[in-house]
Amino acid sequence: MPAFTAEQASINNGSKVVQINSGESVANIRSGDFLVLAGFIVEINRAFVGAANEQLIELVQAWSHSTQSNQSCIVIPTTAEFKTVVAALNEANMLVNNNYKAMQDWQTKTGTVTFSNKDGTTTTVKTLKQIEADNAAQLEAYHPYPWAMRKVEFEARRAANNEKFAASGFVHFGIGHSSGNVNSGLWTATSLGSNTFALGKSGAASGQVGDSETDYPVVNIAGVITDINSIGYAPSKDLSLVKLPPAEDGTRTYDSATGVSVTHATSAIAFASETDTNKVVTDRVDMWGLEGFLREINDADPFVYNKGEIQSLATSINGIATVSDTVRPITYFAWYEGDTTSRGKGVNWQTATESQRIIIASDPKNNIRFDDKTGKFYQWCIRGRSFAGLGNGDWGFIEGILNTSRLTFSGSTLKAYVNPQGALNTDVSYLDVDKPTDERAQYVGFGATNSILFSDKIDTGLFGIAKYSGSDSSNTKIAVNGECYFLVCGTVSRLNQGAYHPSFNSFGAAKASDDKRWYETVQTVTYKADCFDPSKLLTGSGSIASVKSGRSDDRYYDAIYANGQGGVCRDMRYRASGLTDVDFAEADLSIKDGTYRGTEKPPFSVPFVVGPNSITTYISLGETKPDWWDDKILGTGSVTDLGTSKMYVYNQATGEKLFVWLSGYTTTSNIGWYLRTVKVEFASSTAANDNHGLVGGESLILQTTSDKSLSKFSVSGDYTYADVIGDPANIFMCDDLKNGWIGGWCQDIPDGTSKNFKLTRPAQISQSYPSPYTLDNGDNWIATPRTIDLTTNSILGVAWGVGFVTAINYTVKARVTKRSINSEIYGRKGGLGSVFVSAWSSFTGGKLLADSLISKTLVGTNTFARTMTYNLSQGSLSFDRKLPNSISYPVKHTPVDINTVDSPAFKALNYNVVENQQAFINYAYTELKNNGIDWGDDGKVHIADNQTTMPDENGNTVLVGTARCVEPLGWIKNDK
């Protein structure tokens, strides 16, 4: 095999320079090599690239033969035997007639030929083809597979990408679809099948949305770029399917103390096994992401995959037909533990022809490289993985930030750690402590030191595998050189297969056995276990295939929705490239105009009766812990500080709101389990006038919000919410509501007079879902939709009688901010925004932001000056680059002067913040109240961590605080 071959080469008689017209690179040609052109062999002085990028070869001596134009040529490396051939040929040229046949054989045959010399002697030499064959063997020995990407080039590409991008993440998101679109490139539809959602462009003729540069997602994981397409889906090359585990059916329990998860024979056995720490899993959150790892290609593992995607269903790789990989067991390809539907297709590298290998390896997007040191091929591979949450509620730690925490459902036990899979066949989701140490590991954040992390190539935004007991020899079976990483992409809030019930199983989807919903059925439901009793369920209901849902929003347990219950929750597909000022500005605009996708734990309300041993600030709940009590939030008996304002009750007798400050259990005065309250919001201790005045027997509604909500897990975007209207005493008598509900409680009590009933959260649409009501404390229910006036956010002019109780089911948006602290401003003064003011009832005018910041619904209706933006007129940053919390050096703006007077209002200054390289927007805000004359605004930006109160210029108590957008906007490149 020659060291160099060119299709077209030209040289003029008398010239020393050969020009390669066909463009082949001359980089590997060395001085002393020999050029074979038009049957002549000449020695090469050097090879070089001309000023116009032309490929040139300079000869030792001028070309003495006729001019050659666009002739093929080869270059033979210098060897001793080849020099002998050249000498023999030079001699032979003088005796052409005697050597004519030998010269023909030398050019066309293998072996040796004999030439006659002038002196009558002969010389035997190897033929040209034999020299090529021998040279090929030599080249194969020290530079095999010259067409393959070498390790050094692969690593150089990685280094360049790491320099280019801010973090591992999405280079491009792909094109989404108008059906169930989530941000960019992710979409949902029941037509995709059970427990799945899509990434990338659909094959539909219309409906595509987004401005991605590619139709499919492209990701960067540890500097390796991978196109994500055809994973789990063959009809469209631009589409991939994310697969999630099946919904819970009430047969699995999880013990948070031991980390043990057990699937029982029946739901009855599962519920019978419940203890304080061992609970049936019904309110589950799934997590999904992409695992990148390096694997060796060998006889035991011979397949290569399109773009390295082991779950790819692409029918070919660069035109080479693929087949199902049956060498690996089905568990190797599983999206989740137990998945048997994701076997990938590829090409068997070990049996592929040389030409097929060259075609596949020549495409750098396939991420195949050759290591000269080991003499082996490797492929960088991607596996989609999803994980059923071990227990109820949100995940413990999944943030790919500068941290040493493990990727875990719960930090309390090793068995809750996510188990890396890499090149292993096992599909086990969580750490199996019984596995050999080289077959199990833990994912740890990229902030860990090299003494913990196995690979030093981990990147911002990733989890990498940790060493076992610090040993460099551990985890070698998981991936080559320990190169196995996980990119968390998001979470999904799942519905379950049980019957829907607003109090006992709010994430259920099935109907009762008589094909009716909870408010219609004759089946009795007195405990969550009843919702999973097969004898009380309509077989098969609640699924997509059944077309029967027990929910008012008609959702199915095996469908994945774009938002809300049963939908995509956290979207953690952050952009790999660093954010710009434009990105901050666009995010701020989306937060203010209502298009930003919020996330929250939904509020949860529950009725209770005040115990007779309630005294001073203690509300007694009795010796028996209430069924709704959540140990994670309220504690297991010792005093638990809850902070105030996130939990509260409303005392109808006095019209006072009592804020829950502490919770626990005490034997003092036979109080038992208790809630301790204060009357002043955000108070850190009780005062003499905080005594609640409750004597026992009163019915109250405990309303829980934010991170202190008693709901089990978070939702994002639009979700179904319920406001219960009625006297708490009547509500408590309703068995279907006494365990609480997702939503709030309206303080207006039906009394037979015509009233407007104001809802507790901003409604999205004017028609509610079917909303059940009762006139007999829940013995009978009737459901009917209600009309909501979106301007006043109320049900107008209804005269519901005494004892009337209803649950208004409607759609709300998850909140877009969460409480935060005054933080260093990214970009200094350049990171400061302007003061936004609104009282407008439109979502495009800050209505959602007001709900998030001050928990009030804007209802302003004036046709002008409903919103206003003020530039800062005075002020500078403090030495720590934060907004100054100083009376002497305030940040000022023109005092607020908007015309609306019939609505709550707020003002907020936005500023950019970066923590752990992640970007956020903070808001320094103040509630505004109008006294009929003005807004009581002093034209100052008031600074307070989290939330508190202050008097305005008119003496009204208003909320003031700092909030932050609920999700990171993306990454900021660390150029330090």
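In which strand does S699 lie? S699 belongs to strand β42, which covers residues 699–704; a strand here is a DSSP run of E with at least two residues, numbered from the N terminus. Residues are numbered from 1 along each chain as its sequence is written. Please keep in mind that this is a predicted model, where local features need pLDDT of at least 70, side-chain atom pairs count only at pLDDT 80 or more, and totals for chains, interfaces and linings use all residues, while side-chain values use heavy atoms and leave out hydrogens and water.

Let us stay with S699 for a moment. Its relative accessible area is 16%, so S699 counts as buried (under 20% relative accessible area, with a 1.4 Å probe and protein chains only). Leaving aside residues up to four places away in sequence, S699 touches F608, V609, Q652, P728, A729 and F732, a contact being heavy atoms within 4.5 Å.

Now step back to the whole chain. The chain holds 10 helices and 61 strands, with helices defined as DSSP runs of H or I of at least four residues. Its C-alpha trace spans about 130 × 70 × 55 Å along the principal axes. Of its 976 residues, 57% are buried. Among contacts between residues at least 6 apart in sequence, 68% join residues at least 24 apart.

Finally, have a look at helix α10, residues 847–854. Eight of its eight residues are buried, so α10 is largely enclosed by the rest of the structure. Among them are K847 and D851, alongside L848, L849 and I854. After α10 comes S855, with a positive phi near 55°.

Methods
Buried means under 20% relative accessible area, exposed over 50%, partly exposed in between (1.4 Å probe, protein chains only).
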